[in-house]
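Let's work through a few exercises together. Have a look at the sequence and the fold, then try each task before you read its solution.

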Amino acid sequence: MTNLSAFALHPRSVLLAAQASRGMLPVCDHYSGVEARMRKSLQLQAEMTEEFGACVFDVTLDCEDGAPAGGEAEHAALVGELALSAPAKARVGVRVHPVDHPAFTQDLAAILPRAGHRLAYVMLPKVESVHDVTRAEEALLSIYPQGLPLHALIESPAAVHRAFDIAAHPRVESLSFGLMDFVSAHAGAIPAQGMGAQGQFSHPLVVRAKLEIASAAHAFGKVPSHCVVTEFNDAAALRQAACRAAQQLGYTRMWSIHPAQIRPILEAFAPDERQIDEATAILLAAQQARWGPISHQGRLHDRASYRHYWQLLERAHTTGRALPREARAWFSN
């Protein structure tokens, strides 16, 4: 019998070969736009990378809401300098202005030529259609031919309607839901409570939009990113919202707008010890059986369930969870 190489027996090689487009991003996307907070965010990211042994959250430097009116060019230059000075292991993105804003191309031109190689992605706000993504891609490639992944922020009812088309674009890596603008776009038809930590999970129009975006993202192997919780001093509300986003709505990533929100998001999206141990046991048995079907504790498992458990371990790794020794070997390279 021909011996299979270690690579051929690796879960990622065996189980995800047909899902090469599906990304695994850090579960927390932390936004900051004021200079002092941007610097502190990058410092915190470096500290937590050292603590967990992996970069467990992204930092998105914000040109849209962070730039003072009339100071867009100076702010974009600052963002570029901060991205360029970030540590080697940092994961930094930038939110630029919308494609129809006069500062959009200016943002790209100020940041990408010098710091493009240090960026993990570009976040596009107020994406209304796939046409916006195409326009952004053309501008991106004209300034930075190497290209970068695009993250699309969906903030209106019409954009929700077109979420599947947006998710299908090959350069789009992630879809985010813009709660505040989505509620505002309904001209008072959704009460203000729909923007709160509790109301955003009870108003039918808001919940429907979240489900559409998550479904569109998963349909094309992209990452759905859940919206903000503005009550940043309410740790319990944030924790509950993050758990509901992860466990009930199919989101695998969530926005943070305050440093105190980062660890609760990591906790909510990370598998627990029991899940990690179960996934490890099933995958080790599957690997031993050369990825054929197995029986584990009276249940049949095959490659469909193996994919689930492998992605669970990948999420555990990206959230800095402790893995059993046997599972750590899969992430050693």
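Here come the ground rules, followed by three exercises with solutions.

This is a predicted model, where local features need pLDDT of at least 70 and side-chain atom pairs count only at pLDDT 80 or more, while totals for chains, interfaces and linings use all residues. Residues are numbered from 1 along each chain as its sequence is written, and side-chain values use heavy atoms, leaving out hydrogens and water.

**Exercise 1.** Work out how compact the protein is for its length.

Step one: count the elements, and you get 15 helices and ten strands (DSSP runs, H or I of at least four residues for helices, E of at least two for strands, numbered from the N terminus).
Step two: the radius of gyration, taken over C-alpha atoms, is 20 Å, close to the 20 Å that the globule rule gives for 333 residues, so the protein is as compact as a globular protein of that length. The rule itself is 2.2 Å times the number of residues to the power 0.38.

**Exercise 2.** Describe the stretch that UniProt annotates as a domain.

Step one: the unreviewed UniProt entry puts "domain: HpcH/HpaI aldolase/citrate lyase" at residues 46-259; such annotations may be inferred rather than shown by experiment.
Step two: this stretch is 43% helix and 16% strand, with its end C-alpha atoms 13 Å apart.

**Exercise 3.** Is Glu326 buried, partly exposed or exposed?

Step one: find Glu326 in helix 15, residues 325-328.
Step two: its relative accessibility is 36%, so Glu326 is partly exposed (buried is under 20%, exposed over 50%, partly exposed in between, with a 1.4 Å probe and protein chains only).
Step three: look across to Leu284, 42 residues from Glu326 in sequence but 8.0 Å away in space, C-alpha to C-alpha.
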